[in-house]
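Here is a friendly walk through one protein model, written for someone who thinks at the bench. Keep the structure open beside the text and look up the residues as they come along.

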Amino acid sequence: MKWIYIAAGIALYFKMLIMPNPAADLPDFSIVESIVKDGGVPNAVTVIILRNRLYDTIFEVVVFTIAIMGASFLLANERPSCTIYRFTDQPSIVLARLGATIAALVSIELAIRGHLSPGGGFAAGVAGGTAIGLVAITSSAEWMQGIYQRWHAATWEKVSVLVFILLAVITLAGIELPHGELGALVSGGVIPLLNILVAVKVALGSWAVILVFIRYRGLL
């Protein structure tokens, strides 16, 4: 069998060596320009996700919500872990919390400016969840749970989902906010608000999952 693989590799090598490369088929940039013009923001990817394919994005947010609920449901009948593993040495704690600070700043940047540059709500939420995870592995579980309950994070998560769906439905109905000046921070109509809501949802949802795994698994 190995001789077949060797022969296929040699044939592929000669194909790449002898046969010329096909001419590059450049995309029609007028389509990209049209998308940017319709959305009012320079990031065409964000326009597609939060405007042209907003119907799909609604269900992506809903699927993420169901995944969080599923993690809590599947582990609810298990016995909580007796041992919680976390960093205790000071250098690791300092480095982890420094990384958490950087990740939190990146999350805010991606959420606020995701419609102007590469980024967006999902990336911002992942960065925020990473920051929360780094703090969790350097802190006590009780302290993390106390902050989660004190700031009503579960309520804010649900509110962000409902507001996102409401704004998305209004947008799909054809009602849009003024786009503003292309390239400005306040531009793109409702797109920046949707980015921020997705970032809040993903970050707080990640926090909920982290707490569940700490409680029932003892580690992340």
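Let's begin in a loop. His115 sits between α5 (90-113) and α6 (121-136). This is a predicted model, and in it the relative accessibility of His115 is 0%, so the residue counts as buried. What does the side chain of His115 reach at 3.3 Å? Its partner is the backbone oxygen of Ile112.

The surroundings of His115 are worth a look too. Setting aside neighbours within four places in sequence, His115 is in contact with Val41, Pro42, Asn43 and Thr46. From further along the chain, Ala184, Leu185, Ser187, Ile191, Pro192 and Asn195 also contact His115.

**Where α3 meets α9**

Some of those names come back in a helix pair. The axes of α3 and α9 come within 10 Å and cross at roughly 85°. Because an angle from 65 to 115 degrees counts as roughly perpendicular, α3 is described as roughly perpendicular to α9. Which residues make the contact? On the α3 side they are Thr46, Val47 and Leu50, and on the α9 side Ile191, Leu194 and Asn195. By type, the residues of this contact are four nonpolar, two polar and no charged. Thr46, Ile191 and Asn195 from this contact are also among the residues touching His115.

**The nonpolar cores**

In soluble globular proteins, nonpolar side chains tend to be buried together. Here, the largest nonpolar core has 18 residues, and Phe164 and Leu194 touch the most other members. At least two residues each come from α2 (29-39), α3 (44-52), α4 (54-75), α8 (153-172) and α9 (191-217). Which helix gives the largest share of this core? That is α9, with five residues.

Now zoom in on Phe164. Not counting residues up to four places away in sequence, Phe164 touches Leu50, Leu54, Thr57, Ile58 and Val61, as well as Leu194, Leu197 and Val198. Leu50 and Leu194 thus appear both here and in the contact of α3 with α9.

Apart from this core lies another one, of 13 residues. Its members include Ile147, Ala153, Ala208 and Ile214.

**Along α8 and just before**

Ser160 is a residue of helix α8. Is Ser160 buried or exposed? With a relative accessible area of 4%, Ser160 is buried. Leaving out residues up to four places away in sequence, Ser160 touches Leu197, Val200 and Lys201. Leu197 is also on the list of residues touched by Phe164.

His152 is found in the loop between α7 (141-150) and α8. The phi angle of His152 is near 55°, a positive value in a residue other than glycine.

**Two residues seen from Leu50**

Two further residues can be placed by their C-alpha separation from Leu50. Arg113 belongs to helix α5, while Val63 belongs to helix α4. At 34% relative accessibility, Arg113 counts as partly exposed; Val63, at 54%, counts as exposed.

| Residue | Residues apart from Leu50 along the chain | C-alpha separation from Leu50 |
|---|---|---|
| Arg113 | 63 residues | 14 Å |
| Val63 | 13 residues | 16 Å |

Technical notes. Residues numbered from 1 in each chain as written. Predicted model: local features only at pLDDT ≥ 70, side-chain atom pairs only at ≥ 80, totals over all residues. Heavy atoms only, no water. Core = buried A, V, L, I, M, F, W, Y, C linked by side-chain atoms within 4.5 Å. Buried < 20%, exposed > 50% of the residue type's maximum accessible area, 1.4 Å probe, protein only. Helix = DSSP H or I, 4+ residues; strand = E, 2+ residues; numbered from the N terminus. Contact = heavy atoms within 4.5 Å. Polar contact = N/O pair within 3.5 Å; in protein donor to acceptor, adjacent residues only side chain to side chain. Axes fitted to C-alpha atoms, helices over the stretch in contact; angles between N-to-C directions. Parallel < 35°, antiparallel > 145°, perpendicular 65-115°, else oblique. Nonpolar A, V, L, I, M, F, W, Y, C, P; charged D, E, K, R; others polar.
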